[in-house]
Amino acid sequence: MSVLDDIIVGVREDLEVRRRALPIEKLRPLADAAAAPRDALAALRSDGTRVSLIAEVKRRSPSKGSLSEIADPAELAAAYERGGAAVVSVLTEERRFGGSLADLDAVRSAVELPILRKDFTVDEYQIWEARAHGADLVLLIVAALSDEDLIRFLDLTHQLGMNALVEAHTAQEVERAVRVGARIIGVNVRNLLTLGIDRSVFSRLVSGIPTDAVIVAESGVRDRADVEQFASDGASAVLVGEALVRHNNPEATVAEFTAAASMVRTALLKNSR
């Protein structure tokens, strides 16, 4: 069993507890009553010179353990917004990542940016749940879903006015993401079997993604140099978690990473003319 498989077992167990407490027929009206979703696709799109940052509220990870206590997720998200983040990602998986829907609620009340509910989506219930809590994006991991589920979940997100970050780890998964019509495609450079990082995975897979999609580099960002490399390799957005939650000035770090990556893309655009 892979790490992903093990995580999903727990996700399904926790999901059933929430479903029993709040059946889907009671959840849907809450989603319908939520404030209109923000346009995450527009927030992440680039004119070729700007690289967006998806800044993550992340307490723990399976590979690193505890990253930060994050006593006030709302204030952290507000710092990300002040620093120029395009989207805030909030981990809501509890067992391995220490997240919660309460964190999502806190962040939603603090920022005007689009919010990604970062969790392991395996059931339509979670998408309705994300919308009810004010999320504008959900994560769909190709390795965890059949093509039928990918299509069904994408359709539902779009029906609800939301978007999905469709995450791939291999060339075959990139092909599947493209085939189902994903508009925002992430390449995660973390190996799901070993949890190891190989940043070269992004540069190898990015050519398989259409240029009209938003291309997101995920995982492995330690510093400015990593963000610049992903930008050089073709990322239109970079998702950063650990490097921000462990920094004593996340606002300044978001601003630094965004400016550095955008400078790289601007230089590449000028050189291509």
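Is Ser 89 buried or exposed? At 0% relative accessibility, Ser 89 counts as buried. Please keep in mind throughout that this is a predicted model.

Let me stay with that residue for a moment. Ser 89 is part of strand 4. If its neighbours within four places in sequence are set aside, Ser 89 is in contact with six side partners by name: Ile 54, Ala 55, Glu 56, Val 57, Leu 116 and Lys 118. I withdraw the phrase "side partners": the statement is simply that Ser 89 is in contact with the residues just named.

I turn now to charged pairs. Side chains of opposite charge can pair when their charged atoms come close. In this model the count comes to 26 salt bridges, and I shall discuss several of them.

The pair I take up first is Asp 14 with Arg 95, whose closest N and O atoms are 2.9 Å apart. This salt bridge links distant parts of the chain, since 81 residues separate its two members. Asp 14 belongs to helix 1, residues 3-21, while Arg 95 sits in the loop between strand 4 (87-91) and helix 5 (101-110). How accessible are the two residues? Asp 14 is partly exposed because its relative accessibility is 22%, and Arg 95 is also placed in the partly exposed class, with a relative accessible area of 44%.

Next, consider Arg 222 and Asp 226, whose side chains meet in a salt bridge at 2.8 Å, N to O. Here the two ends fall into separate classes. Arg 222 counts as exposed, at 54% relative accessibility, because the threshold for that class is over 50%. Asp 226, by contrast, has a relative accessible area of 7% and is therefore buried.

Where do Arg 224 and Glu 228 lie? Both are in helix 10, residues 224-233, and they are 4 residues apart, about one turn of the helix. They form a salt bridge whose closest N and O atoms are 3.0 Å apart. Arg 224 is partly exposed, at 34% relative accessible area, as is Glu 228, at 24%.

Salt bridges also form a network in this model, linking Arg 18, Arg 117, Asp 119 and Glu 129.

I come now to the open spaces. The largest pocket has a volume of about 580 Å³. Its lining comprises 34 residues, and Lys 58, Phe 97, Asn 188, Arg 190 and Ser 219 lie nearest its centre. Helix 1, strand 6 (137-141), strand 10 (237-240) and helix 11 (242-245) are the elements that give two or more residues to this lining. Helix 1, the element that also carries Asp 14, gives the most, with 3 residues. By class, the lining of the largest pocket divides into 16 nonpolar, 7 polar and 11 charged residues.

The second largest pocket holds about 230 Å³ of space. It is lined by 14 residues, and those closest to its centre are Thr 211, Ala 213, Ile 215, Ser 236 and Arg 265. The lining of this second pocket has 5 nonpolar, 5 polar and 4 charged residues.

Finally, how many cavities of 30 Å³ or more does a search of the whole structure find? The search finds 1, and about 30 Å³ of space lies in the largest cavity. Its lining consists of Leu 154, His 158, Asn 163, Ala 164, Gly 181, Ala 182, Arg 183 and Ile 184. Helix 7 (147-159) and strand 7 (163-168) are the elements that give two or more residues to that lining. The lining residues of the largest cavity comprise 4 nonpolar, 3 polar and 1 charged.

Note on methods: Residues are numbered from 1 along each chain as its sequence is written. This is a predicted model: local features need pLDDT of at least 70, side-chain atom pairs count only at pLDDT 80 or more; totals for chains, interfaces and linings use all residues. Side-chain values use heavy atoms; hydrogens and water are left out. On a 1 Å grid over the protein atoms alone, a cavity is a set of points where a 1.4 Å probe fits but cannot get out, and a pocket is an open set with protein on both sides within 12 Å along at least five of seven lines; lining residues have an atom within 4 Å of a point. Grid points are joined across faces, edges and corners, and a volume is the space filled by probe spheres set on the points. Ala, Val, Leu, Ile, Met, Phe, Trp, Tyr, Cys and Pro count as nonpolar, Asp, Glu, Lys and Arg as charged, and the others, Gly among them, as polar. A salt bridge is a side-chain nitrogen of Lys or Arg within 4 Å of a carboxyl oxygen of Asp or Glu. Buried means under 20% relative accessible area, exposed over 50%, partly exposed in between (1.4 Å probe, protein chains only). Contact means heavy atoms within 4.5 Å.
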